[in-house]
Amino acid sequence: MSIGIGTVSAETKTPPAAAAPAKADTDGAKAAAPAGDKKTMRLFYLGKKYDEPLPLSYAEEVVTDKGIQGAGLMLKEANQAGNFIGYAFEMDEGIVPKDGDVVAKAKEALAAGNRFILADLEPDDLLAVADLPEAKDAVIMNIRSSATKLRQEECRANIFHVIPDFAMRADALAQYLIWKKWPKWYVLRRDTPEDQDYAAMIKRSAARYGGKVVEDQVYRLPPGARNLDSGHQQVQQQIPLETESAPDHDVVWVVNSDDDFGDYLMYRTSRPRPVVGTQGLQATAWDKSYTESGAMHFQNAIPRLANRKPVERDYTAWLAFRALADSAMKSGKTSPKAVKKYMLSDDFKLEAFKGQALSFRDWDQQMRQPVVLGGGTRVPVSTSPQEGFLHQTNLTDTLGFDKPETKCKLK
Amino acid sequence: MTRNCLAAACATAFLLVAVPATAATIFVSNEKDNTITVIDSETLKTIKTIETARRPRGIVLSPDNKELFVAAGDGDIIDVIDTATMEVVRTLDSGPDPELMAVDSKGDVIYIANEDDSLVTVMDIKSGDVLGEVPVGVEPEGMVVSPDDRYTAATSESTSMAHIIDNESIKLVGNILVDSRPREAKFTQDGKELWVSSEIGGTISVIDTSDWDNPNNWKPVEKISFEVPGLRPEQLQPVGMDFNEDDSRLFVPLGPANRVAVIDTKTKEVLDYVLVGQRPWHGEFGPDYKKYYVANGLTNDLTVIDVDTLKAEKSVPVGRLPWGVAIMPGKPGE
């Protein structure tokens with residue numbers, strides 16, 4: 001599917017309540033834009049329909065169009081802005097099936113001249129695409145993977161990371177727990193590659209901020225169906241048993257990327273302890289109850305396009321597109337080289353509802369950003385970095401890999 | 001240093017003489033409480049708390065001071081308060097999510113930023129009729145009518161632009177890219193400059209408007225940034241902006257910096273940073289320009305700054321999460 005200016009297909013789902021702009025006088029906007037000689041930037045949304053686990057909670061909506069809706073919103077907004085000052089933005093979409101060849105799709109897109117890629121990809125696919133010879137001068141925006149290796153040993157000069165990695169997430173929660181004086185953490189987790197990555201980062205955070213992982217336990221009971229006729233009784237018995245032998249701890253830090261047991265922990269643990277991690281209180285780039293610093297705009301705009309609330313990947317896709325569009329309009333250039341240079345410059349100060357300008361770390365091309373603590377809570381609890389965690393240049397660089405500890409060598 | 005010593009001396013002298021400021025009535029919108037706090041400027045006591053529709057932020061008085069317009073963002077409406085009776089007497093159907101407004105000098109037309117719809121709604125104040133809607137950038141916020149009523153400038157926070165609307169044709173005639181998240185715009189009285197505050201960019205852009213007939217040629221010519229020892233650059237976020245009576249000074253609440261910057265508008269240099277409460281959003285001068293009142297969003301109070309000495313003199317409790325300030329001369333009903 002190809003999406004051109006103002007033809008986002010999801011727009012037809014606009015509810016009647018939001019129809020006000022239709023009666024607006026659009027001539028004014030057209031009259032003000034220079035005719036004919038627009039600078040055009042073309043983006044490609046590259047994704048794959050990976051199997052994603054169903055959320056354990058039946059209250060969670062099953063979302064099958066994460067990310068692309070955020071990109072679709074920014075396509076609209078970038079053109080709204082560009083129209084005033086002579087820029088146009090286009091986006092093509094290539095989302096292959098779960099057994100599809102995403103590298104072939106990437107080659108096709110690159111051969112067609114695309115150089116700005118919004119990558120909704122898992123680490124192996126992302127690296128395979130980035131390492132294509134023809135992608136050398138591309139600007140690939142990672143909107144999906146939190147894998148730390150992508151920012152460390154396996155970093156690439158043509159990949160920018162918009163989504164926070166596990167190191168940033170662990171640090172964001174750790175700072176809050178230390179601020180609360182809850183330093184003893186019982187880690188209970190699965191053992192997927194994501195879970196191993198996240199668990200290692202919790203230990204790193206503990207060492208950085210004076211926390212302690214009292215035990216790192218792999219949860220034993222196998223995953224199963226989520227909606228059960230026989231009810232909750234077994235779970236109510238099991239969770240206290242699973243948590244009673246843990247050493248003394250202040251919180252349970254659950255690491256369960258597949259979302260198959262984490263939500264069972266709350267109110268059921270042997271000792272009365274809060275739950276943080278991939279369930280309970282989460283460190284996230286976006287939370288569906290976050291409303292600060294103009295965030296209501298995004299909270300309202302995504303449902304108009306997608307008929308659902310925004311999820312984190314909608315935000316990172318929107319943000320990645322925004323970083324590229326903003327760089328083009330502010331630098332006046334649309335070449336990959338110029339856009340990349342601008343994104344890494346001190347002039348790049350991106351506004352994105354976080355109350356401060358976002359920018360990229362030049363040592364690993366990770367976007368520095370405040371991280372919202374919410375997710376599994378009904379209202380956001382806080383935003384990290386927390387008060388008192390100091391840094392010589394950017395407070396947000398207290399989250400994740402700072403320059404002195406980077407293992408990234410950009411080539 | 002010399003200047004500071006002089007200021008301190010002035011402060012002492014001022015207290016001894018104790019010249020009372022002209023009586024005025026201060027209105028403060030409380031975003032969280034859904035109320036307007038009304039304060040007597042002489043006693044600095046709350047004389048009334050007026051309930052409004054949900055999430056009141058922008059407040060502006062009619063030129064004759066008889067009406068106060070309150071943009072209630074979550075109420076999707078503008079409440080109109082009669083300043084004599086201090087009651088909400090009517091509402092204007094502003095369209096969704098109104099945030100800031102501007103009224104022309106005759107008091108006939110109100111220009112409303114509909115934040116959620118990327119529109120500026122132009123409305124006849126008496127009848128409430130919509131005269132036109134102008135599509136602007138994403139998240140319009142700051143609104144100001146030029147001193148001669150010819151243009152209205154609207155800032156769009158997400159698009160980072162100042163949009164210029166021709167008020168007669170109700171059409172867009174200029175778009176100027178500024179730094180990230182522009183919040184407020186103000187023309188100088190002589191019509192030669194338009195100043196725009198960029199909250200996330202941390203700057204104020206000065207736009208040369210001397211080619212008054214051709215807003216397409218208006219360009220930013222200078223940029224003012226802020227620096228406070230001990231504060232990080234990202235804390236220095238200009239939001240509100242208010243010129244003094246002869247436009248020689250601009251007072252700028254700096255949000256998370258907990259300060260109001262005072263700028264010399266000729267040299268474009270920051271003269272001083274006045275420590276106030278936490279997260280000052282918007283402020284306003286008293287009618288005689290001797291005091292500046294600023295609403296502190298996080299400490300639920302209003303700081304009174306003496307304009308001559310640039311000292312914060314007093315802090316007055318208001319409602320929760322105060323946001324906007326409007327001030328009229330005299331007492332209600334006078």
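The term pLDDT denotes the predictor's confidence in each residue, from 0 to 100. The structure is a predicted model, in which local features need pLDDT of at least 70, side-chain atom pairs count only at pLDDT 80 or more, and totals for chains, interfaces and linings use all residues. Residues are numbered from 1 along each chain as its sequence is written, and chains are lettered from A and ligands numbered from 1 in the order in which they are written.

**Exercise 1. Assess the confidence of chain B.**

Step 1. Chain B has an average pLDDT of 92, and 94% of the residues score at least 70.
Step 2. Residues 1–19 of chain B remain under 50, and the model has 9 contacts for them beyond four places in sequence; two residues are in contact if their C-beta atoms, placed from the backbone, lie within 7 Å.
Step 3. Where pLDDT is low, the predicted coordinates should not be read in detail.
Step 4. For the model, ipTM is 0.82 and pTM is 0.88.

**Exercise 2. Describe the side of chain A that touches chain B.**

Step 1. The contact joins 26 residues of chain A to 29 residues of chain B.
Step 2. On chain A, the elements giving two or more residues to this side are α1 (27–32), α2 (68–85) and α8 (296–306); helices (H or I, at least four residues) and strands (E, at least two) are DSSP runs, numbered from the N terminus.
Step 3. This side of chain A comprises 13 nonpolar, 7 polar and 6 charged residues. Here Ala, Val, Leu, Ile, Met, Phe, Trp, Tyr, Cys and Pro count as nonpolar, Asp, Glu, Lys and Arg as charged, and the others, Gly among them, as polar.

**Exercise 3. Relate the two domains of chain A.**

Step 1. Chain A is assigned domain 1 (2–164 + 287–371) and domain 2 (167–283), with bounds from an automatic or database domain assignment.
Step 2. Taken over C-alpha atoms, the centres of these domains of chain A are 32 Å apart.
Step 3. Their contact takes 11 residues from domain 1 and 13 residues from domain 2 of chain A.
Step 4. The domain 1 side of this contact in chain A has 8 nonpolar, 3 polar and no charged residues.

**Exercise 4. Locate and characterise Ser160(B) and Leu310(B).**

Step 1. Ser160(B), not a glycine, has a positive phi of about 60 degrees and sits in the loop between β13 (151–156) and β14 (161–166) of chain B.
Step 2. Ser160(B) is buried, since 28 other C-beta atoms lie within 10 Å; buried requires 20 or more such atoms within 10 Å, exposed 12 or fewer, and partly exposed lies in between, with C-beta atoms placed from the backbone.
Step 3. Leu310(B) has a positive phi near 55 degrees and belongs to the loop between β26 (301–306) and β27 (311–317) of chain B.
Step 4. Leu310(B) counts as buried because it has 21 C-beta neighbours inside 10 Å.
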